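I opened my notebook to record a few things I wanted to look up before going to the bench. The entries below keep to what I could read from the coordinates.

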Amino acid sequence: MSQTAASGQEPAFIEVGEGSGARRIAVRARAAPGGAIGAPGLFWLGGFKSDMTGTKAIALDAWAAEHGRGSVRFDYSGHGESAGDFADGTIGRWLEESVAVFSQFCSGPQVVIGSSMGGWMALLLAREIAKRGNAGGSGRAWLAGLVLIAPAPDFTEELMWKAFPPEIRAEIETKGLWLRPSDYGDGSPYPITRNLIEEGRNHLLLGSKIDVGCPVRILQGAQDPDVPWKHAFALVHRLPAEDVVLTMIQDGYHRLSRPQDIARIIAAVAEIG
């Protein structure tokens with residue numbers, strides 16, 4: 001499948017949440033040919049204010065199609081084609097959506113690929129899967145491994161709140177949000193809400209051991225201004241010693257979307273199986 005064909009797939013929609021908290025989530029899922037469970041499928045978790053039609057997501061979906069693998073990607077609420085207001089988003093809300101899509105659309109072994117905030121989501125998803133037992137069964141999905149691209153666990157606290165100067169903290173506390181300038185997308189600023197910061201504290205991972213129960217591959221750009229390379233090292237120190245590999249890309253920035261970066265990401269996916 002070409003990248004154009006992959007990106008042209010129409011999304012399905014599911015409802016996540018109940019009552020006033022319900023939201024319509026857009027999903028693009030493609031099963032392996034014949035529905036057989038063979039090589040692991042790919043499950044994509046995008047970044048903060050990004051969507052499932054980005055360069056990396058499309059390239060991975062195209063690669064999966066060419067190699068007879070299933071692929072699932074979706075937009076968090078308030079992102080891309082999913083419903084909802086971005087300002088209503090929290091880590092817990094987006095995690096609930098990630099778990100719902102994984103449970104409903106994935107079957108058999110999966111390589112979960114998380115970019116930036118998606119790296120945090122991938123680690124949280126792994127913890128949720130571990131709670132129910134990371135073992136295969138009919139109609140069930142389990143983890144073959146994680147591929148984390150400039151992963152940003154705990155970013156609401158470590159990379160936002162702790163890094164904000166007093167005047168921005170005060171604005172968030174008094175007004176409930178701060179409009180953060182952005183160099184991505186159309187350049188429009190996006191809201192950082194008090195609820196995002198406070199609710200994010202319920203999901204912090206870097207203060208203790210993180211046991212994901214599967215191989216982990218991390219790709220990090222040394223020139224990344226948004227998620228510094230030291231953040232990746234802090235994560236590695238919390239992961240098990242066995243089968244965790246960190247690849248530092250000396251000239252890499254945050255997006256890691258250049259052809260050579262995508263080739264490295266695909267190689268990491270293929271290495272897992």
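What follows is my set of entries on helix packing, cysteines and a few loop residues.

I note at the outset that this is a predicted model, and I read every entry with that in mind.

**Entry 1: α3 against α4**

I began with helix α3, residues 91-105, and helix α4, residues 117-132, and found that the two pack at an angle of about 60° with their axes 10 Å apart. Angles of 65 to 115 degrees would count as roughly perpendicular and those under 35 degrees as roughly parallel, so α3 and α4 are oblique to each other. I also noted the hand of the crossing, which is right-handed where α3 passes α4.

I then listed who makes the contact: from α3 it is Ile91, Trp94, Leu95, Ser98, Val99, Phe102 and Ser103, and from α4 it is Met117, Trp120, Met121, Leu124, Leu125, Glu128, Ile129 and Arg132. When I sorted the residues of this contact by character, they came out as eleven nonpolar, two polar and two charged.

**Entry 2: α2 against α9**

I turned next to α2 (55-66) and α9 (259-272), which pack at an angle of about 45° with their axes 11 Å apart. That angle makes α2 and α9 oblique to each other, and α2 passes α9 in a right-handed crossing.

On the α2 side I wrote down Thr55, Lys56, Ala59, Leu60 and Trp63, and on the α9 side Ile262, Ile265, Ile266, Val269 and Ala270, as the residues that make the contact. The contact of α2 with α9 divides into eight nonpolar residues, one polar and one charged.

**Entry 3: cysteines**

I asked how many disulfides a search of the whole structure would find. The search finds zero. For Cys106 I checked the distance, and the closest cysteine sulfur, in Cys214, is 14 Å away, which is too far for a bond, given that a disulfide needs the two sulfur atoms within 2.5 Å. Cys214 is likewise in no disulfide, with the sulfur of Cys106 as its nearest cysteine sulfur.

I also looked at whether each cysteine is buried or exposed. Cys106 is buried, with a relative accessible area of 4%, and Cys214 is also buried, with a value of 13%, where the cut-off for buried is under 20%.

**Entry 4: Tyr253**

I located Tyr253 in the loop between β10 (244-249) and α9, and its relative accessible area of 53% makes Tyr253 exposed. Leaving aside neighbours within four places in sequence, I found Tyr253 in contact with Gly221, Gln223, Asp224 and Pro225. Pro225 is 28 residues away from Tyr253 in sequence, but their C-alpha atoms are 7.1 Å apart in space.

**Entry 5: positive phi in two loops**

I finished with the backbone, where Lys49 has a positive phi of about 70° although it is not a glycine. I placed Lys49 in the loop between β3 (41-45) and α2, and recorded Lys49 as partly exposed, with a relative accessible area of 43%.

Asp243 went on the page beside it, as another residue other than glycine with a positive phi, here near 55°. Asp243 lies in the loop between α8 (229-238) and β10, and at 41% relative accessibility I counted Asp243 as partly exposed.

Conventions: Residues numbered from 1 in each chain as written. Predicted model: local features only at pLDDT ≥ 70, side-chain atom pairs only at ≥ 80, totals over all residues. Heavy atoms only, no water. Axes fitted to C-alpha atoms, helices over the stretch in contact; angles between N-to-C directions. Helix = DSSP H or I, 4+ residues; strand = E, 2+ residues; numbered from the N terminus. Parallel < 35°, antiparallel > 145°, perpendicular 65-115°, else oblique. Left-handed = near helix turned anticlockwise from the far one by under 90°. Contact = heavy atoms within 4.5 Å. Nonpolar A, V, L, I, M, F, W, Y, C, P; charged D, E, K, R; others polar. Buried < 20%, exposed > 50% of the residue type's maximum accessible area, 1.4 Å probe, protein only.
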